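Hello,

Here is the structure I promised to pass on. Please take a look before reading my notes below.

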Amino acid sequence: GQPQGERSRHVIEAVRILDQRRVDFEYDGEMAADVALNPALGLGSIQDALFAGAAAHPERTAIVDARGAIGYRELSERANAIAAQLMAAGAQPGDRIAIYVERSAGLVSALLGVLEAGCTFSVLDPDQPPAWNQALLGALQPRGWLHVHGTPVPAALAQDIESLPVRVSCDGLSRARSRVAALRDPAAPAYVIFASGTTGMAKGVIGSHRPVRHFLDWYRETFR
């Protein structure tokens, strides 16, 4: 956990953001120079890379956490199931979805499931003070909420999500073989991360699929 002084600082910043109810969003760079040098890199979505891996080596270990190891096929099928649940709950391509889950295989499944549904994810860290997560939730203004069982949700945060149109709570273990027909544009937003910057105010940075996919493709070609 964080030192008490550091946690207190986050709470103070959170209250400040809650008071002002504003956040600045900016798009990250697209690694245009690298893509121009090698147009084959950075094509497709982040989750497409996972599904390609699942098709090529389905039983190879993808993730190891405190609960054990899961392979690429199982990870892809967990992501499919989460995507289907989100879409059944009304999620639309481009929606911002706040994810609340501890760091685990369930978190990775949730990230990929949100992306497979064509949505944009932002992760709220359960280790942070509730006031900080409330501030980020207010700044993000998501349309949906995804909670994976096993991570308790503070009462104040639970109250804040009651008005969201899309709310999904799942075990993260269900599996589905079929992919969903969702937007897979590499230029589409994939995630929103927050940084306090030089002002102490949270700034949301929107990242697209392309830079991450570019890195994944480069890494595979360089180290295989």
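The structure holds 0 disulfides. Keep in mind that this is a predicted model.

Two cysteines came up on the way. Cys119 is buried, at 1% relative accessible area. Cys170 also counts as buried, with 3% relative accessibility.

Now the packing. The largest nonpolar core has 25 residues. Which of them touch the most other members? They are Leu86, Ile99, Val114, Phe121 and Leu146. Several elements give two or more residues to this core. The helices are helix 4 (72-88) and helix 5 (105-116). The strands are strand 4 (96-100), strand 6 (144-148), strand 7 (166-170) and strand 8 (189-195). Helix 5 gives the most, with 5 residues. Another core lies apart from this one. That core has 14 residues, including Leu124, Leu137, Leu140 and Trp145.

Back to Leu146. Leaving aside neighbours within four places in sequence, Leu146 is in contact with Ile82, Ile97, Ala98, Ile99, Tyr100, Ala110, Val114, Val168 and Cys170.

One more residue: Val108, in helix 5. Is Val108 buried or exposed? Neither: its relative accessible area is 28%, so Val108 counts as partly exposed, since buried means under 20% and exposed over 50%. With neighbours within four places in sequence left out, Val108 is in contact with Ile63 and Leu75. The C-alpha atoms of Val108 and Gly172 are separated by 9.7 Å. Those two residues are 64 residues apart along the chain.

Best wishes

Note on methods. Residues numbered from 1 in each chain as written. Predicted model: local features only at pLDDT ≥ 70, side-chain atom pairs only at ≥ 80, totals over all residues. Heavy atoms only, no water. Core = buried A, V, L, I, M, F, W, Y, C linked by side-chain atoms within 4.5 Å. Buried < 20%, exposed > 50% of the residue type's maximum accessible area, 1.4 Å probe, protein only. Helix = DSSP H or I, 4+ residues; strand = E, 2+ residues; numbered from the N terminus. Contact = heavy atoms within 4.5 Å. Disulfide = S-S within 2.5 Å.
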